[in-house]
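Q: Could you take me through one helix pair in this model, slowly and in plain words? I'd like to know how the two helices sit against each other and what touches what.

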Amino acid sequence: MEDEAGNEGDGYTMSDSPLARWRIEFSKSFQNYLDRSAPHLVRRWLVTLIAAVIYIYRVYYAYGFFVVSYGLATYILNLLIGFLSPKVDPELEALDPASASSESSKDSDEFKPFVRRLPEFKFWYAATKAFVVAFVMTFFSFLDVPVFWPILLCYWLFLYFLTMKRQIVHMIKYRYVPFDFRKKRYDGNDKPSSSNSPQGDENTAQT
């Protein structure tokens, strides 16, 4: 009983198979790798770019899997909208009387940092995983549904422009910018004060 309890304390039980233990160890190692890669923004997105180029070459070489590509592009667009959107929708805040009264009581010049609905780290991870999964799907012939690809391309472009137009109108209406282009200002402690700190965004992504 004591031995079994000790094993449970370590995260394992006597009934765990070697495969289950390997999955736990792999999950821990993979999570550790993700945590270590969080500060390296440029390197992470270079990996995603390489994965995208490999996938595009694969589709071009196979000349197929256009439905898979359409689903991938739509998924990336959905991630992009989440990345550009605030965590709390201002339209919903405007409809909430309690929130409106609390906002009116605050100073109008109070600084409000932009908090994304989808943090940058989660955006990168989901996009990279999507390219990898789509690449693996191109090796299954039953997923190569015959379709006239220009129709899918035109439909996706229409969906992209319509979605981005709605997003831009929403940004103008509620006066928020998902990127900080202002110069950093320093206070008496020589600490920069910026609205969007990449490190803060990454820490939010990991929680």
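A: Let's look at the pairing of helices H3 and H7, after a quick tour of the chain around them. Keep in mind that this is a predicted model. The chain has 9 helices and 2 strands, and from the N terminus the order is α-α-α-α-α-α-α-α-β-β-α. Of its 207 residues, 27% are buried.

Now for the pair itself. H3 covers residues 41-62 and H7 covers residues 120-137; their axes come within 9 Å and cross at roughly 25°. Angles under 35 degrees count as roughly parallel, so H3 is roughly parallel to H7. As for the handedness, H3 and H7 make a left-handed crossing.

What touches what? On the H3 side, the contact is made by Leu41, Arg44, Trp45, Thr48, Ala51, Ala52, Ile54, Tyr55 and Arg58. H7 brings Glu120, Phe121, Phe123, Trp124, Thr128, Phe131, Ala134 and Phe135. Sorted by class, this contact of H3 with H7 has 12 nonpolar, 2 polar and 3 charged residues.

There's also a database angle. An unreviewed UniProt entry carries the annotation "transmembrane region" for residues 41-57, 123-141 and 147-163. In the model, residues 123-141 are 79% helix and 0% strand, with end C-alpha atoms 29 Å apart. For residues 147-163, the figures are 88% helix and 0% strand, and the end C-alpha atoms lie 24 Å apart.

Finally, zoom back out to the chain: among contacts between residues at least 6 apart in sequence, 78% join residues at least 24 apart.

Methods: Residues are numbered from 1 along each chain as its sequence is written. This is a predicted model: local features need pLDDT of at least 70, side-chain atom pairs count only at pLDDT 80 or more; totals for chains, interfaces and linings use all residues. Side-chain values use heavy atoms; hydrogens and water are left out. Axes are lines fitted to C-alpha atoms, for helices over the stretch in contact, and angles run from 0 to 180 degrees between N-to-C directions. Helices (H or I, at least four residues) and strands (E, at least two) are DSSP runs, numbered from the N terminus. Angles under 35 degrees count as roughly parallel, over 145 as roughly antiparallel, 65 to 115 as roughly perpendicular and the rest as oblique. A crossing is left-handed if the near helix is turned anticlockwise from the far one by less than a right angle, and right-handed if clockwise. Contact means heavy atoms within 4.5 Å. Ala, Val, Leu, Ile, Met, Phe, Trp, Tyr, Cys and Pro count as nonpolar, Asp, Glu, Lys and Arg as charged, and the others, Gly among them, as polar. UniProt positions are given in the numbering used here, feature names are shortened, and annotations may be inferred rather than shown by experiment. Buried means under 20% relative accessible area, exposed over 50%, partly exposed in between (1.4 Å probe, protein chains only).
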